[in-house]
Amino acid sequence: MAIVHLGVLYVILHAWNHHKHKSFYIHRGVNLSKVIVHIDLKGSPPKLEYLTSLLPLLKDVGANGLLMEYEDMFPYKGDISNLSSKYCYKENELKEFIKYAWESGFEIMPLVQTFGHMEHALKLQEFKHLREIPMFPDSICPSKMESMALIKNMLQQVIQFHTSVVPLRYIHIGCDEVYHINKCAKCRSRRQKELDIYMSHLRSVTEIVKFYSPNVTVLFWDDMLRGVDSDYWSTMKIINDVEPVCWDYATRLHVSHRNLYNYHKKFNNIWIASAYKGAEGVTATLPDLYSRFMNHLEWLRFIFDYKFGGERKSYNFKGIILTGWSRYSHMEPLCELLPASIPSLVMNLLLIKHFQKETSKDIHTIPATEVFHLYVRDDFKKYFQCEYAELNEFDSHACQYRESKLYSSLEYFIYQNEDIIRKINDNKKGLHSIEYYNRIDHMNMNSVKSKIIWVNQSLQDFMAIESKVSKAMLEYHSSFVVVEYVHYKFYNEKKKLKSL
Ligand SMILES: [Zn+2]
């Protein structure tokens with residue numbers, strides 16, 4: 001009988017504790033129906049078998065879509081076949097991947113640049129005359145018939161390729177960072193403002209998309225509409241089925257509420273975009289996990305219970321795109337590799353997944369490290385088989401997962417690269433003086449003997465890391481990516497060591 005009473009008491013106490021714990025939460029989490037992972041193929045495209053193998057994990061941690069930024073990896077045909085890299089994906093393999101991803105529950109959203117960042121087309125001899133400014137290969141002139149013919153051809157091929165495999169509900173047309181608008185004689189003869197030309201192009205591109213796939217929603221990056229004054233917004237005509245993606249990759253967001261309000265009035269939905277890689281600098285090797293986590297947490301804090309002026313109901317942002325840049329643009333160096341960024345991607349997907357489910361009242365005040373400990377760490381440790389995991393110091397050696405060998409070899413590259421730079425430039429060692437004094441034959445072998453030994457040993461060690469990185473990369477990337485990556489990453493310090 002006493003045992004029964006104790007049992008009842010336990011149940012009551014447990015229920016009370018549970019209630020107390022739950023009162024900490026608001027059961028309505030942040031509402032983001034689309035969680036899209038950006039796969040940036042302009043540089044370091046992964047093998048399709050690797051991308052395929054990632055899908056179950058991405059799904060498990062809450063992703064439900066892929067934004068495929070093909071650029072030169074799409075197998076274009078006919079007049080525009082030169083847009084494709086000679087290493088582009090094979091048609092049948094890409095179709096197989098798209099089909100598998102769709103059947104696994106992923107929305108497949110292709111991205112085709114149609115205004116700025118068109119370097120992959122405008123660098124080619126046959127399209128050079130379509131540049132807005134002849135010297136710069138990024139922005140296309142929207143006033144030339146041939147420009148629109150090129151854009152139409154690209155969109156037609158990408159849309160028809162996708163719709164032949166799976167339903168196409170969204171397409172992203174880029175339109176960000178259009179550095180040169182209204183500069184050529186043809187554009188200037190239109191006697192329009194830059195913004196009018198921008199909006200008119202957005203409208204024309206949307207019409208092309210709608211011609212080939214009437215039910216598609218068109219997404220574009222929002223940056224060209226920032227700073228537009230209220231007068232313009234009040235007179236701007238609505239473009240049906242076009243939705244802006246407001247991006248910010250910083251650890252402290254600089255998103256304008258006024259801009260969002262204007263988007264809200266003119267567009268059916270607003271999307272947001274964060275970054276899981278490619279936001280730490282053009283030559284970064286590994287993502288900074290803390291910064292990437294902060295960026296996502298800041299966005300979640302921002303959109304939680306977001307209300308526009310005069311509205312009582314919280315606004316539902318349509319979705320989040322977790323961007324993962326491989327280069328800052330077609331002609332920039334490679335930044336973080338996808339397989340080296342999986343811990344960052346999964347960590348941030350787990351964070352989003354948690355806050356979709358339930359949001360703690362103190363979301364705005366609780367420190368990032370505590371958020372990680374409370375809501376992300378256990379699952380993170382499980383997925384990466386970590387003995388321990390800290391947000392500030394990710395120790396890949398404490399974890400066992402598929403990509404950990406590559407991650408560790410890149411960590412070792414960073415350490416060794418910095419060590420060589422530091423030692424060569426150390427005035428006490430005087431290594432940077434060897435090349436010159438050797439050239440003028442004014443050196444005492446006695447004093448440089450130990451330096452020569454260090455140089456030879458360092459070169460040998462550095463080349464051993466190069467070989468380790470190459471070998472580890474080949475599991476995920478084709479050899480053309482590996483060649484570019486290691487040649488560029490190891491080039492400067494190898495050259496310096498050899499010159500000494
Ligand atoms: Zn022009």
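**Exercise 1. Which residues lie nearest the centre of the largest pocket, and how many residues line it?**

Solution. Start with the lining of this predicted model's largest pocket, which consists of 13 residues. Next, look for those nearest the pocket centre: Glu-177, Trp-247, Tyr-249, Trp-325 and Tyr-328. Then sort the lining by class, which gives six nonpolar, three polar and four charged residues. Finally, note the volume of the largest pocket, about 250 Å³.

**Exercise 2. Decide whether strand 3 is enclosed or open, and give the reason.**

Solution. Step one is to locate strand 3 at residues 65–69. Step two is to apply the cut-off: a residue is buried if its relative accessible area is under 20%. On one side of the strand, Gly-65, Leu-67 and Glu-69 are buried. On the other side, Leu-66 and Met-68 are buried, so both faces are covered because each of these residues meets the condition. Step three is the conclusion: five of the five residues are buried, and therefore strand 3 is largely enclosed by the rest of the structure.

**Exercise 3. Describe how strand 3 is joined to strand 2 and to strand 4.**

Solution. Take strand 2 (residues 34–40) to begin with: it runs parallel to strand 3, and five bridges join the two. Within this pairing, Val-37 stands opposite Leu-66. Between the two strands the chain passes through helix 2 (residues 48–60), and this β-α-β crossover is right-handed.

Now take strand 4 (residues 107–111), which also pairs with strand 3 in the parallel sense, over five bridges. Here Met-68 has Pro-110 as its bridge partner. Helix 3 (residues 91–103) completes a right-handed β-α-β unit with strand 3 and strand 4.

**Exercise 4. How many cavities of 30 Å³ or more does a search of the whole structure find? Describe the lining of each.**

Solution. The search finds two cavities. The largest cavity has a volume of about 70 Å³. Its lining includes Glu-69, Tyr-70, Glu-71, Leu-111 and His-120. By class, this lining divides into six nonpolar, two polar and two charged residues.

The second largest cavity has a volume of about 50 Å³. Among the residues that line it are His-38, Ile-39, Asp-40, Tyr-276 and Lys-277. Strand 2 and strand 8 (271–277) each supply at least two lining residues, and the largest share, three residues, comes from strand 2. The classes here are four nonpolar, four polar and two charged.

Technical notes:
Residues numbered from 1 in each chain as written. Predicted model: local features only at pLDDT ≥ 70, side-chain atom pairs only at ≥ 80, totals over all residues. Heavy atoms only, no water. 1 Å grid on protein atoms, 1.4 Å probe; cavity = no way out; pocket = protein on both sides within 12 Å on 5 of 7 lines; lining within 4 Å. Points joined across faces, edges and corners; volume = space filled by probe spheres on them. Nonpolar A, V, L, I, M, F, W, Y, C, P; charged D, E, K, R; others polar. Buried < 20%, exposed > 50% of the residue type's maximum accessible area, 1.4 Å probe, protein only. Helix = DSSP H or I, 4+ residues; strand = E, 2+ residues; numbered from the N terminus. Pairing = 2+ DSSP bridges. Right-handed = clockwise from strand over helix to strand, strands pointing away.
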